[in-house]
Amino acid sequence: MSKITEMLLGIVSDWKGGFTGAFNIREDGACAGRQSSQNIKIDSKKDAPGLVIHVLPGTKGETVYIPACVTHGDVDDLVYNDFYIGEGADVVVTAGCGVHTDSEEEARHNGIHRFFLDRGARVVYREKHVGTGSGTGAKRIDPVTDITLAEDATLEMDTIQLGGVDSTVRTTRAKLAARARLLIRERLLTDGDEQAKTEFEVDIDGEDAGVDLISRSVAKGRSHQEYHSVIRGNNRCTGHSECDAILVGSGTVNAAPELWAGHTDAALIHEAAIGKIAGEQLLKLRTLGLTEQEAEEKIIAGFLK
């Protein structure tokens, strides 16, 4: 692996020179290292670039790492990864992505991940995205996540964009069976002329299933963000969507949460708030000796934590 890959791995997947357990490292569209474990099998897809990951029923306490890195311009990486999580399994999936370019050519990664969780399975899904490099070429990351939850299954998704990504379209779709639970926490930072679009679409089909979508974002410079969520309650269920955004400089945000109730016992709610950093917050921190910029950075860090 290149030094740039190792640097990106350290940012997006807590790489410290190696992974324990099952992993696949993707570098510029190719496999740079792979290992399966006794309970988690990683194979190459036969009909498209990407992976098929099988987690055996009852697997507990294991983590599978599938980071992807683009290290230079003129790379348009597309990968399809399918996860089959066996009944009663409880695992962590870490799928960070970093794109880097020092040239005028674009660097892009598009990861399409599909999750199929059997009855009673639980997954904590973590992904960090970052763009780096001194080049003027665009750095793009366009993740797609499709989630199918069987009865009593749970998926917790923690998705973070750390900065440096010029353009991103983040799409998440899910279907929930009876008593399934989906929890998504998104944290997003844009600056300069960066553009970010988030699309959530969830169908709650099973009785007593529930979803909780929470987005926290900061739009700095002249950057622009769009947030659109659709929750469809097709049975007795609960659904919640919350979008909070902070504007800094000339940043702009458009938030459009949408609810559709197709059952009399569908309990759905959405919240959206957009504003700037409160002056009293800045003043309080400046009285402690921080500069205005340091105070602003501290407030943003706390908001996105």
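This passage describes one helix, one strand with its two neighbours, and the cysteines of a predicted model. Residues are numbered from 1 along each chain as its sequence is written, and side-chain values use heavy atoms, with hydrogens and water left out. Local features need pLDDT of at least 70 and side-chain atom pairs count only at pLDDT 80 or more, whereas totals for chains, interfaces and linings use all residues.

Helix H3 (residues 292-304; helices are DSSP runs of H or I of at least four residues, and strands are E runs of at least two, numbered from the N terminus) has 13 residues and reaches 18 Å from its first C-alpha to its last, close to the 18 Å expected at 1.5 Å a residue, the expected span being 1.5 Å times one less than the number of residues. Its buried residues (under 20% relative accessible area, 1.4 Å probe, protein chains only) are Ala295, Ile299, Ile300 and Leu304. Seen down the axis of H3, these residues fall within an arc of 160° (taken from the directions from the helix axis to the C-beta atoms), so they line one face of the helix. They pack (heavy atoms within 4.5 Å) against strands S16 (181-190) and S18 (209-219) and against helix H2 (279-286).

Strand S19 (residues 224-233) is mostly covered, with seven of its ten residues buried. Strand S17 (residues 195-204) pairs with S19 in the parallel sense over ten bridges, pairing requiring at least two DSSP bridges, and Asp203 stands opposite Arg232 in S19. S19 also runs parallel to strand S21 (residues 252-261), to which ten bridges join it; Gln225 has Val253 in S21 as its bridge partner.

The structure holds zero disulfides (cysteine sulfur pairs within 2.5 Å). Cys237, at 4% relative accessibility, counts as buried, and Cys243 counts as buried at 2%.

Note on methods:
Buried means under 20% relative accessible area, exposed over 50%, partly exposed in between (1.4 Å probe, protein chains only).
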